[in-house]
Amino acid sequence: MSLVSPPAIYDAACRACPRLADFLGDVRRDHPDYFALPVPPFGSALASPAGPQGSSQTDLLIVGLAPGMHGANRTGRPFTGDYAGILLYQTLHRFGFADRVGTADPQDGLQLLRARLTNAVKCLPPQNKPLPAEMRQCNHFLAAELAHAKPRAVLALGTVAHQAVLMAAGRKSSAYRFAHGAAHVIAEKGFDFSLFDSYHCSRYNTNTRRLTSEMFEAVFQSIRAHLG
Ligand code: SF4
């Protein structure tokens, strides 16, 4: 039995990005009822690191950008409490990855089914814009999540999430261009999954119809076809 602990997928006390840690301190002062910490991944249980190979309970890992101020940063659950989660949770339920349509309440009992949700950057960034250095700093959590969850499909919501997944898998982003609806095979070097790209399901993207529900569902149809 190995005495080496597996890399952490999350650390509530992480302050490795000083700008973000200071910003969260300001948010906690202004909104004492907000979660205002690094937001943990959410979803189906991870297999025990000591379990047999291939025992992962995760088919799909969804990676967003970062917690939203009044969404995940407030509630402590990814994509919960603001507009961005509405289309995502509706679609997860429609395609059998959630047992119900989630609400804005993280205590709603929602369970994801062989799916997990996380963000490329775990802490709320000012103006929803993490710096490249912060994405790199946080990437070891995503790498640990990928290694531990062993998903067969990963959905990247937007370019930054796409780049973060590739970095976590040790790939050059120049070899895998982001495009809505694209799918990239990431095999070898300990990984075996398909990376699906979608525009982020943000209010801006849906209001401007850069992303429609039909476009989003088409990506999930591809994921379902891949998973079989
Ligand atoms: S963004 Fe990630 S690495 Fe940076 S402080 Fe938050 S949890 Fe730590």
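This passage describes the strand arrangement, one helix pair and the surroundings of the ligand in a predicted model.

In the model, six strands form an open sheet in which the pairing is mixed, and their order across the sheet is β1-β3-β2-β4-β6-β5. The edges are formed by β1 (42-43) and β5 (183-188), each of which pairs on one side only. Within the sheet, strand β2 (residues 60-64) pairs with strand β4 (residues 153-157) in the parallel sense, over four bridges, and I62 stands opposite L155 in β4.

Two packed helices are described by the angle between their axes and the distance between the axes. For α4 and helix α5 (residues 159-168), the axes come within 8 Å and cross at roughly 65 degrees; since angles of 65 to 115 degrees count as roughly perpendicular, α4 and α5 are therefore roughly perpendicular to each other. The crossing of α4 and α5 is right-handed. On the α4 side the contact is made by M135, N139, L142, A143 and L146, and on the α5 side by V160, A164, M167 and A168. Of the residues in this contact of α4 with α5, eight are nonpolar and one is polar, while none is charged.

The ligand is surrounded by 13 residues, of which the closest are C14, C17, P38, C123 and C138. Two or more residues of this shell are given by each of the elements α1 (18-30) and α4 (132-149), and α4 supplies the largest share, namely three residues. By character, the shell around the ligand divides into nine nonpolar residues, one polar residue and three charged residues. Helix α4 thus appears both in the shell around the ligand and in the contact with α5.

Notes
Residues numbered from 1 in each chain as written. Predicted model: local features only at pLDDT ≥ 70, side-chain atom pairs only at ≥ 80, totals over all residues. Near = placed C-beta within 6 Å. Nonpolar A, V, L, I, M, F, W, Y, C, P; charged D, E, K, R; others polar. Axes fitted to C-alpha atoms, helices over the stretch in contact; angles between N-to-C directions. Parallel < 35°, antiparallel > 145°, perpendicular 65-115°, else oblique. Left-handed = near helix turned anticlockwise from the far one by under 90°. Contact = placed C-beta atoms within 7 Å. Pairing = 2+ DSSP bridges.
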